[in-house]
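Here is a quick tour of one chain, starting from the inside. Have the structure open as you read.

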Amino acid sequence: MQQARLSIPPAPEHVRLVRLVVAAAARRAGLADEQLDDVRLAVGEAVSRAVSRQKASQSESEVHIAIIDAAESFSVEVTDDAPAQMSDLDDGVALALISALAPVVEQVDRTLILRWEQPTA
């Protein structure tokens with residue numbers, strides 16, 4: 001299992017960097033080309049959501065992203081510092097879009113986990 005971590009300030013201009021890094025990691029992990037756009041869009045939405053939640057809670061803490069390339073799956077974990085029970089400012093639109101793009105989406109406290117199955121050889 002390979003893992004990389006990123007931490008970014010809660011500012012929208014850093015979302016693009018995370019999308020690019022995660023897309024490169026997904027490509028390197030062997031995800032199919034048709035999945036790469038879904039990964040890029042879902043991660044962009046997840047990080048934008050985290051940045052918005054941080055701003056709304058007036059937290060200047062960094063948003064943390066973990067990229068995990070395991071034998072059976074490729075996962076991205078996005079963690080913000082906003083209260084776990086805080087509702088989304090967009091009434092759940094971002095979560096609905098993320099859920100449509102990523103096969104597995106889980107929320108554990110302040111961490112949103114997105115997971116794609118690895119292709120079998």
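What follows covers the nonpolar core, a helix that feeds it, and one loop residue.

## The core

This is a predicted model, so keep that in mind throughout. Its largest nonpolar core has 27 residues, and Val47, Ile65, Phe74, Leu114 and Trp116 are the ones with the most contacts inside it. Two or more residues each come from helix H1 (15-29), helix H2 (33-56), strand E2 (63-69), strand E3 (73-79), helix H3 (93-101) and strand E5 (111-117). H2 chips in the most, with eight residues.

Take a look at Trp116. Leaving out residues up to four places away in sequence, Trp116 touches Leu31, Gln35, Asp38, Val39, Ala42, Ser73, Phe74, Val76, Leu101, Ala102 and Pro103.

## Helix H2

H2 runs for 24 residues and spans 35 Å from first C-alpha to last, close to the 34 Å expected at 1.5 Å a residue. Plenty of nonpolar side chains sit among its buried residues, including Leu36, Val39, Val43, Val47 and Val51. The buried list also takes in Arg49, Arg53 and Gln54. Just after H2 comes Gln58, with a positive phi near 60°.

## Ser87 in its loop

Is Ser87 buried or exposed? Its relative accessibility is 56%, so Ser87 counts as exposed. You'll find Ser87 in the loop between E3 and H3.

Now hop back to H2, where Arg53 is buried. Ser87 and Arg53 are 34 residues apart along the chain, yet their C-alpha atoms are separated by 8.5 Å.

Key
Residues numbered from 1 in each chain as written. Predicted model: local features only at pLDDT ≥ 70, side-chain atom pairs only at ≥ 80, totals over all residues. Heavy atoms only, no water. Core = buried A, V, L, I, M, F, W, Y, C linked by side-chain atoms within 4.5 Å. Buried < 20%, exposed > 50% of the residue type's maximum accessible area, 1.4 Å probe, protein only. Helix = DSSP H or I, 4+ residues; strand = E, 2+ residues; numbered from the N terminus. Contact = heavy atoms within 4.5 Å. Expected span 1.5 Å × (residues − 1).
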